[in-house]
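Visitor: I have a model open and would like to understand the terms people use for it. Could you walk me through the reasoning?

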Amino acid sequence: MKKAGTLFKITTLFTFLGLFVFSSGAHAASKIVIGHPACLSGKYAKAGEQAVGGIKACVNWVNKVYGGVSLGGKKIPLVYKYYDCESKKEAVTSLIARLISSDRVNVVFAPYSSGLTLRGAPVAESRKMLYMDHGGANNKIFRQGFRYVVQTIGPATRYHEGTLDMIKKIDPSAKKVALAYEDSEFAKMVMFGAEVHAKKLGLNVVFKRTYPKGVTDLTPLLSAMKAARPDFVLGGGHFEDGQLFSRQMADLDIDVKALSLIAAATLPAFYEALGSLAEGVMGPSHWEYGVKYSEAEAKKVGLPWIGPSQDEFVALFKKAVGKNIIPDYHAAEAGAQVLAYVLAVEKSNSLNSDKVRVALGDLKFMSFYGGWDVDDTGMQVGHSMVDVQWQAAKRVIVWPEEAQTGKLCYPMPTFKEKAKGKLAVP
Amino acid sequence: MLLEQLAGNLFQGLVLGAVYGMATMGLSLIFGVLRIVNVGHGAFIMVGAFVTLWLFTALGISPLVAVPVAFVVGLGLGFIFYYTAIKKLIKAPELASLLATFSIGILLEEVIKLIFGSEFRGYNWALPKIDLGVTVLPLSKLYACIGSIIIALILYLWFNKTRAGTAMRSVVEDTEGAKVCGVNVDRVYANSFAIGIGLTLASGVLLTMFIPVGINPYMGGSYTLKAFVIAVLGGLTSPYGAFFGGLVFGLIENGSYTLFALIPGVEPFALTRFLSFLMLLVILLIRPTGILKGK
């Protein structure tokens, strides 16, 4: 009986010791592992490649410039473990399970797109694993009651707010807006936000329709839109349909004062595919090379600063992908997410998902990506978007005024003018 | 205004339908002669699209020239795949040839991805447009439509006026009878498969003349689906039927959009897809030989 009592005490002691060590996670760690089911092939390969490059760039910065993550009085290096999810939902769930169970990662970064992010969330949630979202903008992700999902990319409903504000300010006579979006959760949420904001500004939504994913011909929809005679058009969904949208607007000679497409218009491949037809086309972006976020700017608005400067990030990104390309917002938001995680680990002095999650909730900072702050649900509320426009084969930030690298070309050139070589230069 | 839109969409549907029809002829020819369902059909369309893209962007060669180039590339691919895989599977259970063509499709996708990457690409062939009043038609689309009609006519003449074409028809009608009459059935099989693939690659060129964006290794899937609907509509064994099936499909797909848009609270595109598959079901039930009764 006495033996059994001693055994019980020893077992209890070791259990508590074990619990303490594992729950704090601060003292045993020799590395901090970020897991990521990345979209390196399939339909989101373009965005996926950028995201992986952005994460690698910031992991390198943390390890080599920042000296590692301060945890339990030590500097711990970050390790980035990723697999190709082929942009497929079924692969996302199995890879997240593998990252958590076999690779024993400390945090999971979600794949690109709202659909894939949403698919992976319950898997991470059921294992009480912090799940950081850099590519899923749909507000619905944060209406499911998930505790461990934290967003870096901004919510979809705000994508076109800046565009509408800008047009309202520049041309108060432009009242008729057409909304034509892909029939996806993300795009419909953007359209919902745009419609609400347009009505708030007193604009008249004269056309509102969706088109299915994988559409190969938008002629019937665009013909109907043409008949509604909008002043400007907001639309798109993902890269491929954005290309098609612009191309077929040109085919049908649908001239409007402004055209803004989500996801597609901000990528260099958009101009490569369309050439001069892309002149004047705009797109909302979470980040664009040329934005003016800096340590001095952070000081001015009273936020702590972390991370590389914009140019340092670009250099690190180029090294990470091995190509001489400028990163787009997919890379920047993924990179900024690394910085948010690092700050939260340091703030909580722990790797425990619950503690890091609490720290993320209290976190406010600025990096090359801009502001970062989340609400109680984990949704990003501290980051502002910018609007870019293709002008003479270059992307120019045209909104907000404080971030402008050039003036808006408004109205954009007609397709006949573009065919004659006119560029969208204000 | 509504009638104007309907007329414009029907015209666009007719032009696109001709290209869809052309894009299905290869599928029907292969099934008609070899009784093999080419599940990798869309991947061959994709290869044709990449031939156009590469010729235009790298060498500045017009997509019109790309049509015969793609046809020749297709012939080559057709012979290679026939002698390495398909020949052994003609007498095998249907599942074997289905899996083989599916694998060939994936192989092509991955090879193209390896060479060109997985990005969505496009090219800008700046040609004038014709304003028809009810709609605007770029010349590139008109060329694609005319090209499809010419290729369909050439195939018709080849089938009906040449010895090789007659041999092919005899194999379709009665393989054993054709053998007895001295037709080299194996050569007919090889030629049919190669010509079918050649036509499919050429249709990939014509499709990019209609839609010169969204070119990527995985673009073929949606065209495979449409090709099956059109093939059933036109009669699975009839290349001409497939061409007419394409015209009907294009007209219905575009025309119905305008009409469905009149129903309040409905997204017309969702219903046009529903209609396409309803059409497939109805044709299979009431006229399985297609609108031309398999001719």
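Visitor: What do β13(A) and β14(A) form, and how many residues lie between them?

Guide: Bear in mind that this is a predicted model. β13(A) and β14(A) form a hairpin, with two residues between them.

Visitor: How do you know that strand β13 and strand β14 of chain A pair?

Guide: Pairing needs at least two bridges between the strands. Residues 364–367 (β13) and residues 370–373 (β14) of chain A are joined over four bridges, in the antiparallel sense, so the requirement is met. To look at one bridge, go to A:Met366, whose partner in β14(A) is A:Gly371.

Visitor: Why is A:Asn204 called exposed?

Guide: A residue is exposed if 12 or fewer other C-beta atoms lie within 10 Å of its own. A:Asn204 has 11 such neighbours, so A:Asn204 counts as exposed. This residue is found in strand β9 of chain A.

Visitor: Which residues does A:Asn204 touch, leaving aside those up to four places away in sequence?

Guide: A:Asn204 touches A:Lys175, A:Lys176 and A:Val177. A:Lys175 is 29 residues from A:Asn204 along the chain, yet their C-alpha atoms are separated by 5.7 Å.

Visitor: Which elements give two or more residues to the side of chain A that touches chain B?

Guide: In that contact, 32 residues of chain A meet 31 residues of chain B. The elements of chain A are α2 (45–65), β9 (204–211), α7 (219–227), α8 (239–251) and α9 (268–274). The residues on this side of chain A divide into 15 nonpolar, eight polar and nine charged.

Visitor: How is chain A divided into domains?

Guide: Domain 1 takes 29–154 + 290–373, and domain 2 takes 158–285 + 392–419. Their C-alpha centres lie 29 Å apart. The contact takes 14 residues from domain 1 of chain A and 13 residues from domain 2 of chain A. On the domain 1 side, three residues are nonpolar, seven polar and four charged.

Visitor: Which residues touch the most other members of the largest nonpolar core?

Guide: They are A:Val108, A:Val190, B:Val19 and B:Leu206, in a core of 232 residues. The core draws at least three residues from each of the two domains of chain A. Not counting residues up to four places away in sequence, B:Leu206 touches B:Val19, B:Met22, B:Val67, B:Ala144, B:Gly147 and B:Ser148.

Visitor: What is the mean pLDDT of chain A?

Guide: The mean is 91, and 93% of the residues of chain A reach 70 or more. Over residues 17–26 of chain A, however, the pLDDT is below 50.

Terms used:
Residues numbered from 1 in each chain as written. Chains lettered and ligands numbered in written order. Predicted model: local features only at pLDDT ≥ 70, side-chain atom pairs only at ≥ 80, totals over all residues. Domains from an automatic or database assignment. Contact = placed C-beta atoms within 7 Å. Nonpolar A, V, L, I, M, F, W, Y, C, P; charged D, E, K, R; others polar. pLDDT = per-residue confidence, 0-100. Core = buried A, V, L, I, M, F, W, Y, C linked by C-beta atoms within 7 Å. Buried ≥ 20, exposed ≤ 12 C-beta atoms within 10 Å, placed from the backbone.
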